[in-house]
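Reader: I should like to work through this structure feature by feature. Please give the general idea each time, and then the case at hand.

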Amino acid sequence: MRILIAEDDQVLADALLRSLRNSGAAVDHVADGAQADAALMINHEFDLLILDLGLPRMHGLEVVRRLRARGSLLPVLVLTASDSVDERVKGLDHGADDYMAKPFSLHELEARVRALTRRGMGGGGNSIRHGPLVYDQAGRVATIDGRMVELSARELGLLEVLLQRAGRLVSKDQLVERLCEWGEEVSLNAIEVYIHRLRKKIEKGPIRIATVRGLGYCLEKIPG
Ligand code: CA
């Protein structure tokens with residue numbers, strides 16, 4: 001999962017980065033509205049935007065307004081400085097999906113993030129299922145036929161992306177985009193290595209990660 005945080009309070013931003021990275025997301029951070037707007041225009045692989053409203057250079061409301069005007073359905077969680085009803089209403093009216101008033105508990109924020117990204121994936125509940133393979137987003141645990149599969153953080157991230165698009169092609173470039181933060185170097189070769197490791201762990205029953213030569217990968221279920 002990939003998240004963009006737009007927050008000019010560095011202390012809060014650091015706390016959010018730590019907490020969300022701990023829960024397994026790739027998280028990028030910008031400290032002003034204009035940068036947020038630019039990042040959202042260039043990168044379409046984010047799963048969620050966490051947006052402070054009181055941002056320098058461009059107000060948070062304008063960032064959401066422009067995002068929606070471009071037709072994006074990206075889930076947006078707004079952070080408001082005060083518990084002002086007016087701000088919240090404006091945020092939602094401009095196209096935000098949810099809001100939190102500062103100060104808030106990181107625990108609650110993580111739960112809202114899970115709820116919003118689930119909605120974005122069109123799913124219900126905390127888990128994504130593909131045949132006997134179940135991935136529990138909240139617990140960050142994958143099971144096959146109810147048995148836990150031990151996966152590294154990177155392998156879990158990879159599996160999550162493949163599951164979100166099960167049955168569809170995911171290119172190596174998309175995997176890099178979805179898994180890596182800015183400035184993080186992960187080569188296409190490294191992706192091949194992760195896929196190789198993931199295959200060894202999950203291709204026991206009818207689950208297959210098919211290679212579409214020159215294009216990417218596709219998570220499949222062999223009928224039987
Ligand atoms: Ca602010």
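Reader: How much area do domain 1 and domain 2 bury between them, and how is such a value to be read?

Author: The size of an interface is often given as the accessible area lost when the parts come together. Here domain 1 and domain 2 bury about 1,200 Å² between them, and 43% of that area is on carbon and sulfur atoms. Buried area is the accessible area, taken with a 1.4 Å probe, that two parts lose on being put together, summed over both. Arg 2, Glu 45 and Arg 114 supply 41% of what domain 1 buries against domain 2, more than any other three residues. The model is a predicted one, in which local features need pLDDT of at least 70 and side-chain atom pairs count only at pLDDT 80 or more, while totals for chains, interfaces and linings use all residues. Residues are numbered from 1 along each chain as its sequence is written, and side-chain values use heavy atoms, with hydrogens and water left out.

Reader: Where do the two domains begin and end, and how many residues of each are in contact?

Author: Domain bounds come from an automatic or database domain assignment. That assignment gives residues 2-120 as domain 1 and 127-221 as domain 2. Their C-alpha centres lie 26 Å apart. Taking contact as heavy atoms within 4.5 Å, 19 residues of domain 1 touch 12 residues of domain 2.

Reader: How many salt bridges and polar contacts are there between the domains?

Author: A salt bridge is a side-chain nitrogen of Lys or Arg within 4 Å of a carboxyl oxygen of Asp or Glu. Four of them are counted between domain 1 and domain 2. A polar contact is a pair of N or O atoms within 3.5 Å; within protein, one must be able to donate a hydrogen and the other to accept it, and residues adjacent in sequence count only if both atoms are side-chain atoms. Eight residue pairs, both residues at pLDDT 80 or more, meet that rule across the interface. On the side of domain 1 that touches domain 2, the elements giving two or more residues are strand E1 (2-6), strand E2 (26-30) and helix H5 (106-120). The largest share of that side, five residues, comes from E2. Helices (H or I, at least four residues) and strands (E, at least two) are DSSP runs, numbered from the N terminus.

Reader: Which salt bridges deserve individual attention?

Author: Arg 21 pairs with Glu 181, their closest N and O atoms being 2.8 Å apart. Glu 45 and Arg 165 also meet in a salt bridge, at 3.4 Å from N to O. That pair links distant parts of the chain, 120 residues apart: Glu 45 is in the loop between H2 and strand E3 (48-52), and Arg 165 in the loop between helix H6 (153-164) and strand E10 (170-171). Both Glu 45 and Arg 165 are buried, a term for under 20% relative accessible area, with exposed meaning over 50% and partly exposed in between (1.4 Å probe, protein chains only). Glu 45 and Arg 165 also belong to a network of salt bridges with Asp 47 and Arg 178.

Reader: How far apart are the closest N and O atoms of Asp 37 and Arg 70, and where do these residues lie?

Author: The closest N and O atoms of this salt bridge are 3.3 Å apart. Asp 37 is in helix H2 (residues 33-42) and Arg 70 in the loop between helix H3 (60-69) and strand E4 (76-80), 33 residues apart. Asp 37 is buried at 4% relative accessibility, whereas Arg 70 is partly exposed at 37%.

Reader: Which side chain is in polar contact with that of Ser 19?

Author: The side chain of Ser 19 is joined to that of Glu 110 by a polar contact of 2.5 Å. Ser 19 lies in helix H1 (residues 10-22) and counts as buried at 9% relative accessibility.

Reader: Which residues are the protein donors of the calcium ion?

Author: Donors are N, O and S atoms within 2.8 Å of the metal (3.2 Å for Na, K and Ca); water is not among the atoms, so sites may look incomplete. The protein donors here are Asp 8 (OD), Asp 52 (OD) and Gly 54 (O), lying 2.2 to 2.4 Å from the calcium ion. Along the chain their spacing is D-x43-D-x1-G. Asp 52 is buried at 3% relative accessibility, while Gly 54 is partly exposed, with a relative accessible area of 44%.
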